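Student: Hi! Could you walk me through a structure I haven't looked at before?
Tutor: Happy to. Let's put it up and talk it through.

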Amino acid sequence: SDGGLGLGDHISRINAAVREEGLTYSRFIEGVTKAGIVINRKALSNMAIEDPAAFKAVVTEAKKALGA
């Protein structure tokens, strides 16, 4: 269970995780979209906590799509 986190909480969590990788939340979402990765914010947020390696792989793909 996510403990009743709202969308804003998920966005904050993703933002914190991607900033460690040198991206802002908006750039990350842009990269995810450009990479053709279809995943919702809640799933990304949970992945950042529960499966950091998988989350980092998504960040890597997002960066590639952005040419970062």
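**Where two helices meet**

Tutor: Let's begin with a helix contact: L44, M47, A48, I49 and E50 in α3 meet P52, A54, F55 and V58 in α4. Contact here means heavy atoms within 4.5 Å. Helices are DSSP runs (H or I, at least four residues), numbered from the N terminus.

Student: What kinds of residues, by class, are in the contact of α3 with α4?

Tutor: That contact has 8 nonpolar, no polar and 1 charged residues. Ala, Val, Leu, Ile, Met, Phe, Trp, Tyr, Cys and Pro count as nonpolar, Asp, Glu, Lys and Arg as charged, and the others, Gly among them, as polar.

Student: Before we go on, what sort of model is this?

Tutor: It's a predicted model, where local features need pLDDT of at least 70 and side-chain atom pairs count only at pLDDT 80 or more, while totals for chains, interfaces and linings use all residues. Residues are numbered from 1 along each chain as its sequence is written, and side-chain values use heavy atoms, with hydrogens and water left out.

Student: Back to the helices. At what angle do α3 and α4 pack?

Tutor: Helix α3 (residues 41-50) packs against α4 at about 125 degrees, and the axes are 6 Å apart. The axes are lines fitted to C-alpha atoms, for helices over the stretch in contact, and angles run from 0 to 180 degrees between N-to-C directions. α3 and α4 are therefore oblique to each other. For the cut-offs, under 35 degrees is roughly parallel, over 145 roughly antiparallel, 65 to 115 roughly perpendicular, and the rest oblique.

Student: And where is A54?

Tutor: A54 sits in helix α4, which covers residues 52-66. A54 counts as partly exposed because its relative accessibility is 25%. Buried means under 20% relative accessible area, exposed over 50%, and partly exposed in between (1.4 Å probe, protein chains only).

Student: New topic: how many aromatic pairs are there?

Tutor: Searching the whole structure turns up 1 aromatic pair. F28 and F55 form this tilted pair, with 5.7 Å centre to centre and 45 degrees between the planes. Rings of Phe, Tyr and Trp (its six-membered ring) pair if their centres lie within 6.5 Å; planes under 30 degrees apart are stacked, over 60 edge-to-face, and the rest tilted.

Student: Which helices hold F28 and F55?

Tutor: F28 is in helix α2 (residues 25-34) and F55 in helix α4, so the pair links distant parts of the chain, 27 residues apart. Both F28 and F55 are buried.

Student: Which residues of α3 are buried?

Tutor: Those are L44, S45, N46, M47 and A48. Their cover includes α1 (7-19), α2 and α4.

Student: Tell me about N46. What does N46 touch?

Tutor: Leaving out residues up to four places away in sequence, N46 touches H10, R13 and D51. N46 is buried, as its relative accessible area is 18%.

Student: Last one: what caps the N-terminal end of α3?

Tutor: N40 does, with a side-chain oxygen 3.1 Å from the backbone nitrogen of K42. That is a polar contact: a pair of N or O atoms within 3.5 Å, where within protein one must be able to donate a hydrogen and the other to accept it, and residues adjacent in sequence count only if both atoms are side-chain atoms. N40 lies in the loop between α2 and α3, and N40 is partly exposed at 49% relative accessibility.
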